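This report covers selected helices and strands of one chain. Please look at the sequence and the model before reading on.

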Amino acid sequence: ASFITSAVLLANTTFYVGKTYDFAERDIIDAIQTHIQNNGPSIEKKYEELKQHAMDKMTTIAPKLKSELPFATEDKEYFAKTHYTNPKDIKDANGQILYKAGYTFDPMDYISLPYAIVFINATRTAEIAWLKRSEMLNSAHYRILITQGSYLEATKALGQHVFFANDAIIHRMGIKATPSVVTQEKNRLKIR
């Protein structure tokens with residue numbers, strides 16, 4: 001009972017330990033609101049400039065390939081050479097060799113591709129039209145990679161996000177023309 005009585009008495013008592021002072025700084029929320037009220041038009045203008053700059057940048061984002069792939073004029077199927085040869089010794093933290101230079105393996109023996117990859121040149125209207133006629137758009141079973149063209153324009157034209165192909169992917173998969181579709185058959189990549 002004495003503990004509860006002392007707690008109630010202390011709850012209504014203010015203790016000061018040392019001197020107290022009012023804050024010298026302005027409240028940050030008040031400062032921000034005042035700044036917005038006083039600088040509204042210039043803040044809006046800066047926002048619009050930044051927004052336009054971002055949109056301008058979006059229209060110029062495109063893959064940067066060394067050379068343009070030709071248009072596929074006929075249906076062909078072939079398999080990519082996916083084996084990898086180690087160019088130098090791979091050592092562990094103690095300097096012991098894990099894999100000697102020249103060691104060769106095929107990554108397709110260890111991984112599986114969960115979707116097909118479609119390569120298109122987004123600057124060619126025939127390829128955009130071909131893709132629109134297919135059942136490959138807006139499907140979890142396909143990834144669209146563009147080799148040429150604007151990301152923004154390709155995304156608008158196809159109604160879905162696209163990805164960029166780069167020289168390393170094209171070389172590794174053996175892509176020779178667009179459009180091409182890459183699928184996995186057992187432990188091999190088939191290009192059509």
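A residue counts as buried under 20% relative accessible area and as exposed over 50%. The model discussed here is predicted.

**Helix α4**

On one side of helix α4, Glu-153 and Lys-156 are exposed. The buried residues of this helix, which covers residues 151-158, are Tyr-151, Leu-152, Ala-154, Thr-155 and Leu-158. Because these buried residues cover an arc of only 165° around the axis, they lie on the same side of α4. Their packing partners are α2, β6 (116-121), α3 (125-133), β7 (142-148) and β8 (163-164). After α4 comes Gly-159, with a positive phi near 75°.

**Helix α2**

Helix α2 takes in residues 28-60, and its end C-alpha atoms are only 39 Å apart, whereas a straight helix of 33 residues would span 48 Å. At Asn-39 the helix bends by about 85°, and Pro-41 follows within four residues.

**Helix starts**

At the start of both helices, a side-chain oxygen reaches towards a backbone nitrogen.

| Helix | Side-chain oxygen | Backbone nitrogen | Distance |
|---|---|---|---|
| α2 | Asp-27 | Ile-29 | within 3.1 Å |
| α4 | Ser-150 | Leu-152 | within 3.3 Å |

**Strands around β10**

Strand β10 (residues 188-191) runs antiparallel to β1 (residues 78-79), to which two bridges join it. In this pairing Phe-79 stands opposite Lys-190. Strand β9 (residues 180-185) also pairs with β10 in the antiparallel sense, over four bridges, and Val-182 of β9 stands opposite Ile-191. The hairpin of β9 and β10 has two residues between the strands, and Lys-186 takes a positive phi near 55° there.

Key. Residues are numbered from 1 along each chain as its sequence is written. This is a predicted model: local features need pLDDT of at least 70, side-chain atom pairs count only at pLDDT 80 or more; totals for chains, interfaces and linings use all residues. Side-chain values use heavy atoms; hydrogens and water are left out. The expected span of a helix is 1.5 Å times one less than its number of residues. The bend at a residue is the angle between axes fitted to the seven residues ending there and the seven starting there. A polar contact is a pair of N or O atoms within 3.5 Å; within protein, one must be able to donate a hydrogen and the other to accept it, and residues adjacent in sequence count only if both atoms are side-chain atoms. Two strands pair if DSSP finds at least two bridges between them. Buried means under 20% relative accessible area, exposed over 50%, partly exposed in between (1.4 Å probe, protein chains only). The arc is that of the directions from the helix axis to the C-beta atoms. Contact means heavy atoms within 4.5 Å.
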